[in-house]
Amino acid sequence: MSNTTTRPPISRRALLKGTGAVALASAATILPTPFLSRAEAATLQIRALMWEPYVLPEMIAAFEAEHGAKFSTTFFDGNSEAYNKLKLGGTRDFDLVQADGFWSRLYFREGLIRDIDLAKIPSLANAFPTFTYPDYELLTSEDGKSPIGVPFCWGGYGITYNAEQVTADEVGSLEVLFSEKNAGHLSASARFEENIALAAILVTARMGTQGSARPDGKPFNPYVLTDEELAGVEALLIAQKRLLTTRYQDLGTLNNLMRSGIVWAAPEFSQVYRQLQGMRRAGETVPDIQHKLQAKEGGLGWIDSWMVTSGVEDSEKLEVCHKFMDTILKPEHMKQIADKAGTSTCIDIRSLSSDEERELFLMDRTTELKGLHMFDQPSSPEKWERVWSNMESA
Amino acid sequence: MNRGLFQRWLRLNESQRFVILTSPVILFLTLFFVIPLASILLVSFWRTESYQLITDWNLQNYIDVLSEPSYRTFMIRSVLTALIVSITCVAIAWPVAYFVIRYGGRYKLLITLGLAVPFLTGIVLRVIALQGVLGPIGLVNLGLMKLGLPPIDALMYTKTATVVGLIYLYLPFVTTAIYLSLLNFNFRLLDAAKVFGAGNMRAFWEITWPLNWVGTVIGFALTFVPSLAESITPRFLGGADGTLYAMAMGSQFSATGTWSLGAAMGVVLFFVAGLTLLTISRLVNLKRAGFTGAGSRD
Amino acid sequence: MGTGLVQYGIRLIPDPLPGCTDTRCGPLLLSWARRMYLELKDLGKRFGTFTALSGVNLSIAKNEFVSLLGPSGSGKSTLLRLIAGLEQPTTGSVWIDGQDVTALPPYQRGIAMVFQDFLLFPHMTVRENLLFPLRMLKLGRAESEERIDWCCRILSLTALKDRFPNQLSGGQQQRVALGRGLVCRPKVLLLDEPLANLDRELRREMEVEIRSYQIQLGIPFVYVTHNQEEALSMSDKIAVVNKGGIEDFAERTEVYHNPRTKFIAQFVGRSNVFSGPVTVAPDGERSILWHGHRIGLGEALRQVNGGSASVYVKIENTLIQPGDAASEGRIPGRLRDVIFRGQYAEYIVELGSGEEIVASAIEPGATIRPGDAVLISWDKTQIDAFADEVAA
């Protein structure tokens, strides 16, 4: 039952469908999730709202055995999705939750998550200093007093490129993703926030507005844009559409497109870069795929975190939540996460990794994160939605 | 005890019995249809601001959905796609179902069940499998490249790919609908038609087609409505320029958090689909389809 | 026939042959009235390894009402479908009105058919059903309407014209099916057990009607049935079909009274059957020995002097009379039961040996009650006798 709360195992679904009980099956999926999770809330239960690639079944099994708790999971894709789930389902449905960058502080401001006690998470001692307070502020409340989450994995939204087709010089600028020269050989993700934010970095650089006074009075943040900048983004994205092979929905698609040499450059979290470099190093015939973390106009970055929802009031449960964070942050588990999910970890696992892995997972480049703009919430989702729809229908 | 219940049942009048018999259905429909629909309707008259649902009543969402060119474009694309898909499905399913019925012999049930095999997997898996066939390094294009031929661009992340994918997904529904219709069709009527002067084609258009019109229309609707509301296939196969209405609608809920606008899009989609079904039902004259009330027999 | 039909434009006589230059015209001209209108020559049909029909030769004259009588599975329906062109024969040919139509599709043969389950087009009204063959013939509007009116009038369908088939009763549907067969003025009308789905009373009525239409139209009707009463009451001639072949093709009275084969004796009419070894008395009289009774063969089976044979005596020729004095030609028994059939009664007689004999002729004035001792006898000239086949 470790990760099946909202996703019954395929076999059961298939069986239901096979016996013709389609109506039954669909009724079961329509049932709101709280029904299911509350029904089984007998023993101590830890319910996590998390990214699917970070599930380590063996670790979870051992954790359940040690603490006599049940661990169940619900998955999400983008930050806004998790945010919507948390808001709609209420914090009583989840105990642990994951998010990126600025989102943690948003959660805290809205009372969705609670403060935690870092003293109960000794594994954090292994974290790279870049990811801990005061170097990294976003996992501490805005008044700087309460820790609200622990860093977990990190990455950029740099440009993975085919070095046989695109020069290192070209990827020095975001222009490479919008260049006529690469028509038909570009791809982008389907995430509207990051597409707009990345385009905004280029647009603001062209307009020279990054250094001028920003709408929120803070330093430049590609998630906070003026209407003129947004209009520029819209025009840029519409112009880019023609150049794209497709927007990749999953990493497998991007992997195929880059491996076959169809796509030369695409922004991504660097997982495909690692997969294809790994294949190339294993001797397979794969183009020379490289990754540029940050272009000269700027780049996007993210730090995943674990947080405890404000629904956790009971001290015993809070204790187990702390224990869970401590357990998953142990270097041996973080190494497994890196291997499985292909992401860089916030915990220093260099002693467990080969030189090759140190390079691929950017373990010696964590300080570069400083210059990246953290994933954030769009200043106006409504305006951004219109930009995205106009682009898609153009 | 049971006897007592039965006695009481007998004492009930017609309308009381009707209420008792239909209440589970009504309860089910209310729970899973009316309530969700009503809540969508409610939300569509509110608005969102930075992921907050604000409950001031307004029509702006509908004005946007109906007047903004982008949503109109999505709708036109979706309707056209659904039309092309359903008409093609009917055109393919007819000969398939016909030959299975006529020449399937004792294997015809097996062949028909075989059509349902892809349904043992989820829709995402099927779309991904299709990508494995049509995609850039899919079977078709790899095969072509092996032969030294250029890959077919038309099948790589285009609207055509979406149409092909949807046809693949919904063909079994239409085939089954037409198959079931033909299963109940008395093929000996064709003997009568031929004896009375009709050639094969004439007999088909005079007899087989009108008598299986209802099945055909049901198959058409079974494809048209879900195609109209399809978001996964265009997402995976449609490419950058292939966004369809339901895909845009879905992202209102999952990505942009503009639930109210999404809800209004949903209500509009509901009406378009309902209107389509109404139009389709107008095309069916049950008497002309061979169904006549058995009750009016004298 | 006559005026009524001329009025509606029915051509009773094929083209009067003035322009015919065919050399066969001479003899044809002489015999056109008697000429065979529908001919089956050496017709055979195999389905895979199963032989449904073989070596069928049949000639049917214009004006003839012919029944194909046989049990189910005998091949009679296949024969009809071959004539219609709904099946292609494996061997042989079909000729209609002097033309070889074997290779022609059904719609070019000028035939019409009435099906057992009617096969009316359910999505068309009665009028449209009747119009269908006329539309296929591309007949003009005026003539079509005229023919439909005629058809509705003779079949009493006028009030039902705008109904759909499943708003009609079985009898009404039957009449529409018949109408659809008549309205196109076919050269031959084929009827495939058209009365099988009707109740007894309606069947009687329809038998008379169908027969009268045939006489009016003057075209051959080929009528498939497994019901001997239907065949006997309507037909001019009966072709008895058995095991994919024609057992006999003769006038109906001939088929009934002088069955040519043992199968026909068994299948047509109701008979008592007596089987036993053939013995020849010193005086030359031959008989069979059946449960201790000598049953004389009379003039039948002259050439048979040994082996075994069966004697068939129709129940209406089997006479029952009171009495217990057994003698030559009178078999004693006891009346077990009387089944009253209206115009006649069946007397079930049990013999000492346990065998049963059914008689429906009774000595005038006699009264017999169950349990009474009775004697059974018959006129020796009214028997049918057949030598039993020796098992190979």
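This is a selection-by-selection tour of a predicted model, going from the chain contacts to the nonpolar cores and then to chain B.

**Chains A and B**

Start by colouring by chain. Two pairs of chains are in contact, and the pair with the most contacts is A and B. Chains A and C are not joined by any contact; their closest C-alpha atoms are 33 Å apart.

Next, select the residues of chain B in contact with chain A. There are 31 of them, and they meet 31 residues of chain A. On the chain B side, the elements that supply two or more residues are β1 (47–49), α4 (69–103), α12 (232–237) and α13 (245–254). Pick α4(B) among these: with five residues, α4(B) makes the largest contribution to that side. Coloured by class, the chain B side shows 15 nonpolar, 13 polar and three charged residues.

**The cores**

Move to chain A and select A:L96, A:V97, A:I196, A:A199, A:V233, A:A265 and A:C346. These belong to the largest nonpolar core, which has 112 residues, and they touch the most other members. Now add helix α7 (residues 192–207) of chain A, which gives nine residues to this core, the most of any contributor. Then colour chain A by domain: domain 1 (32–154 + 304–363) and domain 2 (158–298 + 373–393) each provide at least three residues of the core.

Centre the view on A:A265. Which residues is A:A265 in contact with, leaving aside neighbours within four places in sequence? The partners are A:I159, A:Y161, A:V166, A:V171, A:V176, A:L177, A:N182 and A:L186.

A second core, separate from this one, holds 95 residues; select B:A203, C:Y37, C:A52 and C:Y223 to see some of its members.

**Chain B by domain**

Return to chain B and split it into domain 1 (1–44) and domain 2 (61–287), as in the domain assignment. The centres of these two domains of chain B, taken over C-alpha atoms, are 34 Å apart. Their contact involves four residues of domain 1 and seven residues of domain 2. The domain 1 side of this contact is made up of three nonpolar residues and one polar residue, with no charged residues.

**Helix α2 of chain B**

Finish with helix α2 of chain B, residues 14–44. Where does this helix bend? Select B:T22, where the bend is about 45°, and then B:P24, a proline that follows within four residues. Is α2(B) well covered or hardly covered? The helix is hardly covered: two of its 31 residues are buried.

Methods: Residues are numbered from 1 along each chain as its sequence is written. Chains are lettered from A and ligands numbered from 1 in the order in which they are written. This is a predicted model: local features need pLDDT of at least 70, side-chain atom pairs count only at pLDDT 80 or more; totals for chains, interfaces and linings use all residues. Ala, Val, Leu, Ile, Met, Phe, Trp, Tyr, Cys and Pro count as nonpolar, Asp, Glu, Lys and Arg as charged, and the others, Gly among them, as polar. A nonpolar core is a set of buried Ala, Val, Leu, Ile, Met, Phe, Trp, Tyr and Cys residues joined through C-beta atoms within 7 Å. A residue is buried if 20 or more other C-beta atoms lie within 10 Å of its own, exposed if 12 or fewer, and partly exposed in between; C-beta atoms are placed from the backbone. Domain bounds come from an automatic or database domain assignment. The bend at a residue is the angle between axes fitted to the seven residues ending there and the seven starting there.
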